[in-house]
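Q: Please take a close look at a single part of this model, chain A. I would like its contacts and its packing in one connected account.

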Amino acid sequence: MAKAVKSTQDDLLFIKVKAIMVTGDNDSRKGNIHNIIVFPNNQEHMVIPSRFFNSLRSTIERVMSSNNIHDQKFTIDTALKDEDSLCDDLSSLGLSIAIGIEACLNDWKEAWENVWEEWCFTGEVKDSQGEIGAIGGAREKLESATDDETINYIMIPFQNRQEIINWIDKRKDINYEVNTSRNISVKDTGNSPSFFSRIWSLSTRNTFMWIALILWFLSITYTSTRHIFWENIQSFSNGNSQLTINLPIKNPERVKQRLLKNGFPEDRIKNIPFSSLTKTNQIGKALITNRNGAIEFEIINSQDWTLISSYICGGYIALFAFILVVLALRANKGNTKPSTGNINYDSLLLTNRNKEIMFIDNIKQAEAIVEHKIH
Amino acid sequence: MLNLEGIEIDLEGLKMARKEGLPIVDWRNNALRLFKKLCNSGEEASYDVAKALSKKLAIECMTELDSYFNIFGFMDEGERHKWQKLSNQLRTIYSS
């Protein structure tokens, strides 16, 4: 027998947001309100129905970038059915998806659960900074939202403002007031991630960046080993009767000590022209061999690839660090939350319909307005 | 008797098949096993099992089976009809 599903705290993970899509052709075009679901799944972005995934992929990525989130994943049910034929693309779902994701991530999901039916959104997320661009079919969408008695707040791109006012002017059954530059105070929640956590998010955002990060650590290990411990490592490989040194010699006294330690006769060591070897233009490695007391000196490699490699690794270390810092700074710039009192928006009050139409031009502004209104 | 544990195991198997690109036969077998359990299907599907799922399990079954049918299609109209009913049921659970 079927049993009723008990509501649990986990239910708050299923964020519902109203969006409007347009269906039909020419004269039969009409807006349909969809209750989309946003669910954090922690594995990968998924869309239901999955045939719409490619249409929404860039929208989801832009929302994530505008919030500077790269490690969380979401399942988004568009509430569309496979047989639904839309006459506009899915890009105008972007604002609803952005609000759903923001509700998932913020502490207002409980409050949102009680008011979500009063809100309706439409708007395309144009870029990774969260700019909201104009939508098609704005009049059909607004008509369906104004006819829905449960909806009190409608959020629409600012770029559609004049089109909407012109449409309402023609509607004799709707009375409205214009509110320009409404100002709301927004508290800065201080949730923006620190500089270092932004760097970490960037450097682990995908497989390619993980590989780059691992190479970066390996380069640091190699470069420091090459410059600090290299002579000791060479001694291990050559045994006691041979010693490899790098030219030009930087520290003659240290080389003398190593030769003595390896059993080279002291009187012969004194004959080695260390002063010339410190000033030589020769670059590479020299092999000093002790053949029964006679010292042989041989240049074995004029091109020290270990040294050249360490320079390449050094360049990579600096370049990768530089790119990460620049990207983290740019992400911070785009992620700056508006400070207190800086959120302005235009709106229309439909006085005989008890509805407010808000015009917005970016995700942060939309989120701040919702957060302000529901608290 | 409701076997949620069995459904969870089949669901994990299906996720793994999709992510790891198992042979089509394995993927299909995993998907159809889960599908049949949720439909509780003999000749007449009852969907009683699906109705008892938690919201989380419902959306995960929906996601995986939707992906499967999107890629491989339906064997016949009967399967398509059952999926439409089952997906409506699953959606009702996690949208409520």
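A: What follows goes from confidence to overall make-up, then to the contact, the cores and one loop residue.

This is a predicted model, in which local features need pLDDT of at least 70, side-chain atom pairs count only at pLDDT 80 or more, and totals for chains, interfaces and linings use all residues. Residues are numbered from 1 along each chain as its sequence is written, while chains are lettered from A and ligands numbered from 1 in the order in which they are written.

Chain A has a mean pLDDT (the predictor's confidence in each residue, from 0 to 100) of 82. A pLDDT of 70 or more is reached by 86% of its residues. Residues 1–6 of chain A fall below 50. That stretch still has eight contacts in the model beyond near neighbours in sequence. Two residues are in contact if their C-beta atoms, placed from the backbone, lie within 7 Å.

Chain A holds 13 helices and 14 strands. These are DSSP runs numbered from the N terminus: helices are H or I of at least four residues, strands E of at least two. Of its 375 residues, 29% are buried. Buried means 20 or more other C-beta atoms within 10 Å of the residue's own, exposed means 12 or fewer, and partly exposed lies in between.

Now the contact with chain B. Chain A gives 17 residues and chain B gives 16. On chain A's side, β2 (30–40), β3 (46–48) and β4 (74–77) each give two or more residues. The largest share, three residues, is from β2(A).

Next, the packing. A nonpolar core is a set of buried Ala, Val, Leu, Ile, Met, Phe, Trp, Tyr and Cys residues joined through C-beta atoms within 7 Å. The largest one has 85 residues, and A:V38 and B:C61 touch the most other members. Helix α4 (residues 55–72) of chain B supplies its largest share, eight residues. Leaving out residues up to four places away in sequence, A:V38 touches A:I15, A:V17, A:F74, A:I76, A:I97, A:G100, A:I101 and A:C104. Another core, of seven residues, lies apart from the largest; A:I245, A:I249, A:V255 and A:L259 are among its members.

Last, a loop residue. A:G293 sits between β11 (284–291) and β12 (294–301) of chain A. A:G293 counts as exposed because it has 9 C-beta neighbours inside 10 Å. Beyond neighbours within four places in sequence, A:G293 contacts A:P265 and A:R268. From A:G293 to A:S241 is 52 residues in sequence and 9.9 Å in space, C-alpha to C-alpha.
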